[in-house]
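Me: Hey, I've got this protein open and I'm not sure where to start. Can you walk me through it?

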Amino acid sequence: MKLLMENFKKFLNEAKKETASVEEIEKVIFDVLKAEGGAAGLQPIEDALKELDKDLPEGFDLKAHIEEMPEEKIKFHDEGDVIEMGGLEAVSYTHLRAHE
């Protein structure tokens, strides 16, 4: 009986879980990228979102969400890593050659 009550309380607590806002999700994304030096795969971000202790919005797709974010903030590298773009400057090839 005690186990039944404990499981029921756990069920009620899980049912009360809040849904994470877009702002909270994006904060987690950028926190992970910062901790990883500006780039990371999707897995560390997904792991961090699980630790948020909130439900993600119904049908939430992390990759699709990141793809919809402005490219001047964040984008995918050709190899699949997520890159935080805020600290990067656009540098022309000519500019790089001039400093060799």
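Reply: Sure, let's go through the overall layout, then the sheet, the helices and a few single residues. One thing to keep in mind is that this is a predicted model.

Me: Cool. How many helices and strands are there in the protein chain?

Reply: The protein chain has 5 helices and 3 strands. Going along the sequence, they come in the pattern α-α-β-α-α-β-β-α.

Me: And what percentage of the residues count as buried?

Reply: 19% of the 100 residues of the protein chain count as buried. On contacts, take those in the protein chain with a separation of 6 or more: 54% of them come from residues 24 or more positions apart.

Me: OK, the sheet next. In what order do the strands sit?

Reply: The order is E1-E3-E2, in an open sheet of 3 strands with antiparallel pairing. Strand E1 (39-40) and E2 are the edge strands, and each pairs on one side only.

Me: What holds paired strands together in general?

Reply: Strands of a sheet pair through backbone hydrogen bonds, and the pairing can be parallel or antiparallel. Here, E1 and E3 pair in the antiparallel sense, over 2 bridges. As an example, Ala-40 has Val-82 in E3 as its bridge partner.

Me: Which helix packs on the sheet?

Reply: That's helix H2 (residues 22-35), which touches E1, E2 and E3. The direction of H2 makes about 85 degrees with that of E3.

Me: There's a loop residue by the sheet I keep clicking on, Asp-81. Where does Asp-81 sit?

Reply: Asp-81 is in the loop between strand E2 (74-76) and strand E3 (82-84). Leaving out residues up to four places away in sequence, Asp-81 touches Ala-40, Gly-41, Lys-75 and Phe-76. There are also 43 residues along the chain between the positions of Asp-81 and Gly-38, while their C-alpha atoms are separated by 10.0 Å.

Me: How exposed is Asp-81?

Reply: Asp-81 has a relative accessible area of 35%, so it counts as partly exposed.

Me: Back to helices. At what angle do H2 and H3 pack?

Reply: H2 and helix H3 (residues 42-50) pack at an angle of about 130 degrees, and their axes are 9 Å apart. That angle is why the two helices are described as oblique to each other. The crossing of H2 past H3 is right-handed.

Me: Which residues make that contact?

Reply: From H2 it's Ile-25, Val-28, Ile-29, Val-32 and Leu-33, and from H3 it's Pro-44, Ile-45, Ala-48 and Leu-49. By type, the contact of H2 with H3 has 9 nonpolar residues, no polar and no charged.

Me: Switching topic: is His-65 buried or exposed?

Reply: His-65 is buried, because its relative accessible area is 13% and the cut-off for buried is under 20%. His-65 lies in helix H4 (residues 62-68).

Me: And what does His-65 touch?

Reply: Not counting residues up to four places away in sequence, His-65 touches Val-22, Glu-26, Ile-29 and Phe-60. Ile-29 also came up as one of the H2 residues in the contact with H3.

Me: What about Thr-19, where is that?

Reply: Thr-19 is in the loop between helix H1 (2-15) and H2. Thr-19 is partly exposed, with a relative accessible area of 48%.

Me: Which residues is Thr-19 in contact with?

Reply: Setting aside neighbours within four places in sequence, they are Glu-24, Lys-54, Asp-55, Leu-56 and Pro-57. Thr-19 and Lys-54 are 35 residues apart in sequence, but 5.4 Å apart in space, C-alpha to C-alpha.

Me: Last one: what is phi of Asp-53 near?

Reply: Phi of Asp-53 is near 65 degrees, a positive value in a residue other than glycine. For background, most residues other than glycine have a negative phi. Asp-53 is in the loop between H3 and H4, and Asp-53 is exposed, with a relative accessible area of 54%.

Conventions. Residues numbered from 1 in each chain as written. Predicted model: local features only at pLDDT ≥ 70, side-chain atom pairs only at ≥ 80, totals over all residues. Heavy atoms only, no water. Helix = DSSP H or I, 4+ residues; strand = E, 2+ residues; numbered from the N terminus. Buried < 20%, exposed > 50% of the residue type's maximum accessible area, 1.4 Å probe, protein only. Contact = heavy atoms within 4.5 Å. Pairing = 2+ DSSP bridges. Axes fitted to C-alpha atoms, helices over the stretch in contact; angles between N-to-C directions. Parallel < 35°, antiparallel > 145°, perpendicular 65-115°, else oblique. Left-handed = near helix turned anticlockwise from the far one by under 90°. Nonpolar A, V, L, I, M, F, W, Y, C, P; charged D, E, K, R; others polar.
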